[in-house]
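Here are some worked exercises to try with the model open in your viewer. Take each task first, then compare your route with the solution below it.

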Amino acid sequence: GEVVRYRVSVQSGGADDALPRVLGDMRVGGGAELVSTPSGAGVSCQDNSSLSAFAVDVRCEIAPLQAGIASPPLDLEVRALSGPSLEAQVEAIPIASVSSDPDLSDNTQSETTTVTPAPVDATAYVAVQGDDQVRAVSAATNSVIATIATGSGPYGLGLRPGTDELWVTNRTGQTITRISTASNSSIGTVPTQQLLRDDLFDVAFSPDGGIADVTVNEPVSNAARVVLLNGATGIQITDIRLAQDFPREIRVLPDGSKAYVTTADGVTVLDLTTNTVAASIAAAGGAIGLDVAPDGSAVFYTQRDGTSGLLREIDTGTDAIVGSGIPVGIEPNGVAVSPDGSEAYVANGRALVYVVDLIAETTTVILTGTGTAPQSVDVTSDGTLLFVSDRDGGQVLEIDLATSTVTPTVVGSFPAELVIGN
């Protein structure tokens with residue numbers, strides 16, 4: 001499991017500064033084990049954890065602090081046993097107020113503490129449609145670390161499993177650019193003679209990376225199809241004609257059996273074992289964004305009809321709509337499901353991002369200060385950071401989901417789809 005280091009400093013600042021301190025109640029959700037305890041001059045720690053419980057519980061006594069002086073930084077390392085999400089709560093209280101069996105859930109006497117997880121090592125890639133480029137944004141530095149030239153009008157992005165390849169559909173250039181996320185450079189163009197004169201929108205891959213599924217719209221006839229390409233060579237295998245118009249996003253189930261495509265009419269379900277249309281699900285006003293639950297049991301899509309917007313759920317076993325939908329504002333765009341499947345994040349074109357509890361089926365938080373027109377959204381594999389492309393604002397927003405802090409990075413003209421790579 002992933003190891004996270006929490007750095008803790010206890011700040012002096014009260015009448016009890018001359019007393020020793022106790023750090024405790026270091027809780028880690030999802031199941032965890034202790035890797036190492038803090039150590040240093042004047043510090044002694046005792047691990048009181050029950051490793052079968054969903055917590056790490058460490059008591060560390062620190063020598064008395066001088067007025068105005070902080071304790072040395074202390075490192076606590078924990079490893080997740082199930083699920084990628086690690087969260088900690090740290091409390092510091094005067095030792096004089098601690099009984100022989102202190103209850104640190106009562107934080108009425110807690111001192112100010114600082115807990116800083118190690119920086120997330122992730123890179124967000126965004127198609128910058130107006131500049132014919134893909135830009136890579138570092139989560140650790142909130143800066144553009146690479147600019148990669150593409151064809152005309154880059155729009156959709158897809159990471160090819162088992163490789164370091166990122167495919168970029170160039171909507172008006174009728175080409176597909178291949179990028180190495182290891183070197184952050186272009187490594188060629190997929191031959192697309194079979195796609196000339198067509199608008200290319202999005203791309204998704206089979207779980208083994210062997211087949212690329214590209215959503216295509218024929219501008220003259222407005223006919224829609226999904227073209228299947230060999231993932232290694234880019235040569236066309238077949239195409240599937242859709243009954244619905246104007247395909248947008250596409251996602252493939254984790255087992256590779258089906259793909260789901262949002263269109264101007266709703267959602268088209270593709271049977272990838274027979275390369276045929278399995279179902280067409282109508283949606284008033286059309287479907288926009290799309291994502292799959294981590295276990296593949298459900299697909300979530302955004303729907304808008306001009307007067308309202310909903311997050312809708314499809315049961316992938318039956319391809320039936322579940323429930324009546326969750327309101328997410330008048331102009332929902334992209335959606336991303338959290339790594340544990342408990343939440344969904346919806347970019348809304350009215351300068352909002354909705355956080356949706358998928359268990360309770362309700363919006364829990366509406367984030368503001370999220371640019372001008374949020375369009376595409378993705379979440380890091382540890383579930384701590386959300387990245388949003390702000391189309392009209394020309395920026396990528398990094399959102400700390402624990403604090404709702406928004407950090408913008410300027411990327412260029414009309415950023416479209418965004419994905420998180422390594």
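## Exercise 1: The chain as a whole

The accessible surface of this chain is about 17,100 Å², and carbon and sulfur atoms account for 49% of it. The model is a predicted one.

**Task.** Find how many helices and strands the chain has, and what share of its residues is buried.

**Solution.**
- Step 1: Begin with the secondary structure, which comes to zero helices and 36 strands.
- Step 2: Turn to burial; of the 422 residues in the chain, 50% are buried.
- Step 3: Look at the contacts between residues at least 6 apart in sequence: 48% of them join residues at least 24 apart.

## Exercise 2: Charged pairs

**Task.** Search the whole structure for salt bridges, then work out which side chains Glu 165 meets in such bridges.

**Solution.**
- Step 1: The search of the whole structure gives nine salt bridges. As background, side chains of opposite charge can pair when their charged atoms come close.
- Step 2: Glu 165 forms a salt bridge with Arg 160, at 3.5 Å from N to O. Both of these residues are buried.
- Step 3: Glu 165 also meets Arg 178 in a salt bridge, here at 3.0 Å, N to O. This pair links distant parts of the chain, since Arg 178 lies in strand S14 (residues 175-180) and Glu 165 in strand S13 (residues 165-170), 13 residues apart. Arg 178 is buried, as is Glu 165.
- Step 4: Elsewhere, Asp 202, Glu 249, Arg 251 and Glu 417 are joined into one network by salt bridges that share partners.

**Task.** In the salt bridge of Arg 135 and Asp 131, is each residue buried or partly exposed?

**Solution.**
- Step 1: The side chains meet at 3.3 Å, N to O.
- Step 2: Arg 135 has a relative accessible area of 15%; buried means under 20%, so Arg 135 is buried.
- Step 3: Asp 131 has a relative accessibility of 30% and counts as partly exposed, because that class lies between 20% and 50%.

## Exercise 3: Two open sheets

**Task.** Give the strand order of the open sheet that holds S16 and of the one that holds S20, and find the edge strands.

**Solution.**
- Step 1: One open sheet has four strands in the order S16-S17-S18-S19, with antiparallel pairing. Strand S16 (199-205) and strand S19 (236-242) each have a single partner strand, so they stand at the edges. Neighbouring strands in this sheet are turned by 25° against each other on average, direction ignored.
- Step 2: Inside that sheet, strand S18 (residues 223-230) pairs with S19 over six bridges, and Leu 229 has Gln 236 in S19 as its bridge partner.
- Step 3: Another open sheet of four strands runs S20-S21-S22-S23, again with antiparallel pairing. Its edges are strand S20 (250-252) and strand S23 (276-282), each pairing on one side only. The twist from one strand to the next averages 20°.
- Step 4: Here five bridges join strand S21 (residues 258-262) to strand S22 (residues 266-271), with Tyr 260 partnered by Val 269 in S22.

## Exercise 4: Hairpins and a core

**Task.** Which residue takes a positive phi in the hairpin of S29 and S30, and which in the hairpin of S30 and S31?

**Solution.**
- Step 1: S29 and S30 run antiparallel and are joined by six bridges. Three residues lie between the strands, and Ala 351 takes a positive phi near 65°.
- Step 2: S30 is also joined to strand S31 (residues 362-367) by five bridges, again antiparallel, and Tyr 354 stands opposite Ile 366 in S31. This hairpin has four residues between the strands, and Glu 361 takes a positive phi near 55°.

**Task.** Find how many residues the largest nonpolar core has, and what Ala 344 touches.

**Solution.**
- Step 1: The largest nonpolar core has 13 residues; Phe 300, Leu 311 and Ala 344 are among those with the most contacts inside it.
- Step 2: Strand S25 (298-304), strand S28 (332-337), strand S29 (343-348) and strand S30 (352-357) each supply at least two residues of this core.
- Step 3: Leaving out residues up to four places away in sequence, Ala 344 touches several residues, including Leu 311, Val 335, Tyr 354 and Leu 358.

Methods: Residues numbered from 1 in each chain as written. Predicted model: local features only at pLDDT ≥ 70, side-chain atom pairs only at ≥ 80, totals over all residues. Heavy atoms only, no water. Salt bridge = Lys/Arg side-chain N within 4 Å of Asp/Glu carboxyl O. Buried < 20%, exposed > 50% of the residue type's maximum accessible area, 1.4 Å probe, protein only. Pairing = 2+ DSSP bridges. Axes fitted to C-alpha atoms, helices over the stretch in contact; angles between N-to-C directions. Contact = heavy atoms within 4.5 Å. Areas by Shrake-Rupley, 256 points an atom, 1.4 Å probe, with all protein chains shown as cover. Core = buried A, V, L, I, M, F, W, Y, C linked by side-chain atoms within 4.5 Å.
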